[in-house]
Each structure stands twice: as C-alpha cells, then as structure tokens.
Amino acid sequence: MEWKDVMEEELQNGTLGPIRAFLEQAYASSPVYPAKENIFKALEMTPLDQVKVVILGQDPYHEPGQAQGYSFSVPSQVRIPPSLQNIYKELSAEYQVPVYRTGNLSDWAAQGVLLLNSIMTVEQGQPLSHSKIGWQKFTDDLIRVLNKQDQPIVFLLWGGHARKAKALLDNPNHLVLEAAHPSPLSANRGFFGCNHFVKANQFLQEHGKEPIFWTEDNRQMAD
C-alpha cells in the first residue's frame, strides 16, 4: 500500500470531501498555510513503506513564510522557531555535539521521518483555526494505517495533543515514546532529557534499520 491508496480510500469514504470544500473557500478568502500545493507535503516526502519515525505535530506555523507542510520545519532562510530550537538543544545534549542546522527538516523526511501535523492547515495568525474541519479524523486514519505496518516504526508523541494518538497504537512491532511538548512553555517539564532521538535510533538499529542522522549539518541544503 502507498499513501495514494490511502488517500483514495479517504476520498471514497467521504473524509476528505468536506475538508476540500471548506479549503476551497478558505484559500480564496484569506491567507491559509501551508501553500495549497504543500498541504500533503509530509506524505509526498516520506513514502509509507519507508516510514521509520513519526513526529506528530499539532497544526502548521501560522505566520507568513514559515509553514512547509511538514511538522516543526521552516525554510532554511527563516529564523528557527522556539520549539524547534528546543528540539535542537535536546539533540545537542543527547549526542554531545553542537547542532549546526537550519530549520529545514527535509533531510529528516528523506531518511524516513514522517513529520505529520494532525491538523494540516491553518489561517494566518490564528492557531488551531482549522481544528474543527475534520482534519483529525483524516490524520487519525493515517496513524491507524501506520499502526498496521509490519516495518518497525518509532512514534514520538510530544505534548498532550500528540499523546492522544497512543490510543490508536497497539502494534507490538512499534515503539511509542511520550514526552512534554518542546514549546518553551513545557520543555522543562519532561521534554529536555527525554533522550528520544537516541532511543529511536537504538530501536531502529536493533531491528536492522539504518539510524536517522538527526544532527547532520544541513546549512548548505537548498529548500
């Protein structure tokens, strides 16, 4: 199965129809992020059979020029947002190396890290503005599909919103890791020191998979 098969099923069962109808009006009337062509970018960048790690975000960045269509990532020229800064701090602590990276996480996506927002669109300056249009049902279905996969997958669930997905994950092939959200409001309450990146790679290597090169310098990478 590929993501396109999942999308076709979602269209047939009526999940995506109301979302599409809403978004046609929303994009026509006000700034909505990410760009329409990037709504499903996370799925395009990380094929279903290549997923090794899932990082579940909440909704896209809501300021101009930030959202790329995959969670926590921003274009290389954009200032790194606070939550991603804290992710890099944790990486630096876990691997005992300086982290020299832009905010562009496309290299993670190319290695099998699915950067999925549970709400896939947002209006400018209005976080969670599209939380009631049906996205969570769709993305919950994506998580159920991931749960059924045979290949070992690590699910990184940060914060109360993401941790709700644990109820959908019962396949013993996978590893589920939970922590506080990396936001400055909560990072000191259990995100810092979680050791999730090392644990994820240990799990992957124990199951014969290549580890993720989390800290690799990506400053020369084009968006």
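**Exercise 1.** Which helix supplies the largest share of the lining of the largest pocket?

Solution. The model is a predicted one.
- Step 1. The largest pocket has a volume of about 540 Å³. Its lining comprises 31 residues, and Q58, D59, Y61, S83 and H181 are the closest to its centre.
- Step 2. Three elements each contribute at least two lining residues: strand 2 (53-57), helix 4 (82-95) and helix 7 (159-163).
- Step 3. Helix 7 has the largest share, with four residues.
- Step 4. Sorted by class, the lining of this pocket holds 14 nonpolar, 15 polar and two charged residues.

**Exercise 2.** Describe the second largest pocket by volume, lining and class.

Solution.
- Step 1. The volume of the second largest pocket is about 170 Å³.
- Step 2. Its lining is made up of L16, I19, R20, L23, E24, Y27, K36, I39, F40 and W135.
- Step 3. Helix 2 (residues 16-29) gives the most to this lining, namely six residues.
- Step 4. The class count is seven nonpolar, three charged and no polar residues.

**Exercise 3.** How many cavities of 30 Å³ or more does the whole structure hold, and which residues line the largest cavity?

Solution.
- Step 1. Searching the whole structure at the 30 Å³ cut-off gives one cavity.
- Step 2. The largest cavity contains about 40 Å³ of space.
- Step 3. Its lining residues are P34, I39, A42, P60, G69, Y70, L115, N117 and M120.
- Step 4. Seven of the lining residues are nonpolar and two are polar, with no charged residue.
- Step 5. I39 appears in the lining of the largest cavity and also in that of the second largest pocket.

Definitions and conventions. Residues numbered from 1 in each chain as written. Predicted model: local features only at pLDDT ≥ 70, side-chain atom pairs only at ≥ 80, totals over all residues. Heavy atoms only, no water. 1 Å grid on protein atoms, 1.4 Å probe; cavity = no way out; pocket = protein on both sides within 12 Å on 5 of 7 lines; lining within 4 Å. Points joined across faces, edges and corners; volume = space filled by probe spheres on them. Nonpolar A, V, L, I, M, F, W, Y, C, P; charged D, E, K, R; others polar.
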